[in-house]
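Colleague: I am new to this structure and would love a close look at a single part, the open sheet in chain A. Could you take me through that part, and then show me how its chain meets the other one?

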Amino acid sequence: MTADDSASARRPGSAAEMIRFAGVTRRFGPKTAVDGLDLTVRAGELFAFLGPNGAGKTTSIKMLCGLLKPTSGTITLGGFPAGSAEARAMLAYVPDQPFLYDKLTGREFLSFVTRMYGMDADRAAARTHELVRMFEIEGFLDELCEGYSQGMKQRLVFASALVHEPKVLVVDEPFVGLDPRSARIVKRMFVEQARAGVAVLMSIHLLSIAEDLADRIGIIHKGRLIADGNLAGLRETLSHTGSLEDLFLQLTDGDPAADPEKAPETFEEQGPP
Amino acid sequence: MKRSRQSEGLNAKSPADPGGTPLRYLRRRLLKNTLSDLWNNSRLRLGVAAFCCFVFWAGMFVLFLGGFAFVEQFKLTAEIYEYLFSLFFLTLFVMLGVSTGIIIYAGVLYGRESAWLLTQPVREDHLFAHKFAESVVFAGWGVLLLGSPVLVAYGLVVKAGGLYFLAIVPLLAAFVGLPGALGATAALIIGYLMPRRPKTVLACVSVVLMYFIGRFVWDAFRTPGTALTPDWMDNLLGRLSFSRHPLLPSRWMARAVIDMAAGQTSTGLAYIGTIAANAAMAWLCATWVARTILRATFCRAQGERSGRKRRPSDRIERIVEMGFPYMSRPVRLIIAKDARCFIRDPAQWSQFFIFFGLLAAYFANIRRFSTNLESPVWRNLVSFLNLSVTALLLATFTSRFIFPMMSLEGRNAWMLNLLPLKRSQILWGKFAFSASLALLACESLLLISDIQLGLDSGLIAVHATLMAVLCLGLSAISVGLGARLPNYRESDPSKIAAGFGGTLNLVVSLLFLLVAIGAVALPCHLYFAGLDTRAEGFRRMTTSWTADQFRARLAIGLGLSVAVGIAAVAVPIRIGLNALEEQEF
């Protein structure tokens, strides 16, 4: 799968804003984890959120999911405040360390999630069947989750996240513990979800995957969004011809916040093509 | 406001409120799967747990049957019973409130399940109800195990009717909800007002509880008059009158029990109704608070990391080097690591210092508490009671803190396996750490107690030897069984301690204490009871041994204790070493 047959196949230009961070700051005591974040992700767009460890990615994602409140600024999903019942109804969130009940089977876990979303039995059964096939989890679906490997858990969690057909998919480090086959399934799923009009925001350290899949890339460093745009746009602005990895290291190795010459605002306003 | 948000937002489907049904489905499935897993894979474990519960229940029943029969000798038994039950239920009330509060605080504000459920379309009050149900089931089980033998024994002694026995379970069930709801509400409010300070909150709650318990014990011990005389009893009841305040639910429980047993069914049922109505009201308030502040409280509690910089220091390494010169350097480093973790976890050392500190304060002032200490038999009895209390406290600490250490270490097995040390050295390191800390604390307490009691140096030496045996034995049992019955899936030490392995560890520790202390305490008691002609209460258990005969029997008893102690060290450590060598991580 390449950028051509995935990212360029989607045209999110005029689609509705599904995720919106407006001037969001989050402080933990004296430390500012996220500093004035402005970001939008549209329906059908696959946005890759990059940044070094401790840059503020997970804090931003947790605020988006309503698990943390911003110190200032607003976050909306489909126009609804993050954490509200309406926002949660359209959200699917897969954290970096997914949660499963050890003493439930995979099938029971999926059944529990469909019940929580109030899905009727026929629709739940059809959707479960579809996802079970998509993630190839039939073989262990009736075993207790406590016996699953990391990859099996990840695939079940993805299936449970998509079972209610969310409009926004937020994933934090989705490829941890996945074997190549599972990773391919998940990559394909991201593209299919975006094609189907879902706004996908993924936090990721694997730059090659971001390069392959993402419509837009945002780089956050020390709580500030220092780059936002598609890969070609970022290269052009920075007069950079190398890989995304080179670009990422160039932006984050120095200390842009301390050096006005390298002020990140230069790149912030680049929208999607 | 809601309408304007809707109009701003996408034309999304209105989120259907799933209510509490999915969570009920979840609890049902979890219970069914857990029970069937236990039945299919751990029948022995289930059998041992059931047997332990039965032994505990029967022990409580026999104890209280005898106790109530003793109370029946006094006049004004109804009043005494009301005091007893008021105190009993007041104690349960506080314990239930605090334990539910701690479970809700930790489970709702810091649990991974809550974090996940809060991203799902689950209402905050339903999430709260789900976690509350879990904690109340645990608490309710404990209350049933603790309360039912007491109430059954009382019913039999006062010859209550059948309706009384039928009312026991509903009465206890109604009671559990009230302190649970109050504790849970307090936990949410405290979490909202003091986010990110769980250890501080725990330490404050412990200090406040210890203050009231200490004050109560102090008052009870200072009751004027000769113990167990009518005047003394009258004075004691006067000091306990606070427990009969008409607004305390413990008083309602006491009245419900006494009235139901006395056949005054309508009054008894009215009290049960009062308790149930108050529990329902407290529950409503708790869910309202949860709906209002749970998400905000969760957000406030999340995300903060300790920004405190710790200066590199090798002080602990130097102390360990001095204290364990006979150990190899890698083992000393493991001990230093455990010591550092212990010091940096206030939940561990605060409980340790609070309980041992209270005991030290009591032992240091023991002469003020009683006028009977001139009598050799009482002095001996009190000295062994002090030794036993210290050992019991140590057993709970080794079960709570030492037993889980090997399980927690197993999570880092990938690293430990690569270190240049044998697995057995890890075990010996834990044993040395636990035994050293235990010896230091318990021997100090024992010396304070024995010196205050004025025991002669020979008996102090016997007690000190016995205490050393107990410290080494309890440490070895916890370390050995901890390696044999590890739980690598659980990261919370309190849950590891509360599991099957932890419970078995506690039971084995208590049996060890019973045998080891009993072997020394029995000859001492028989001898001193024989010396004291005024000790009428002990007439049935006296001897006329000479001092030499006593010394010979004491030596046999101490030898038996030491032998049991050697077995308590050797057997669990051997079992632990074998398990650790064969363990595949």
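Modeller: Happy to! Two strands pair if DSSP finds at least two bridges between them. Helices (H or I, at least four residues) and strands (E, at least two) are DSSP runs, numbered from the N terminus. This is a predicted model, in which local features need pLDDT of at least 70, side-chain atom pairs count only at pLDDT 80 or more, and totals for chains, interfaces and linings use all residues. Residues are numbered from 1 along each chain as its sequence is written, while chains are lettered from A and ligands numbered from 1 in the order in which they are written.

Now to the sheet. In chain A, four strands form an open sheet in the order β2-β1-β4-β5, with antiparallel pairing. β2 (31–42) and β5 (80–81) of chain A are at the edges; each has a single partner strand, so one side of each lacks a neighbour in the sheet. The partner of β2(A) is β1 of chain A (residues 17–28), and eight bridges join the two in the antiparallel sense. One of the bridge pairs links A:Arg20 with A:Thr40 of β2(A).

As for the other chain, the contact (C-beta atoms, placed from the backbone, within 7 Å) takes 34 residues from chain A and 33 residues from chain B. On the side of chain B that touches chain A, α1 (2–8), α2 (21–41), α5 (112–117) and α11 (265–301) of chain B each supply at least two residues. The largest share there, nine residues, comes from α2(B).

Key
Contact = placed C-beta atoms within 7 Å.
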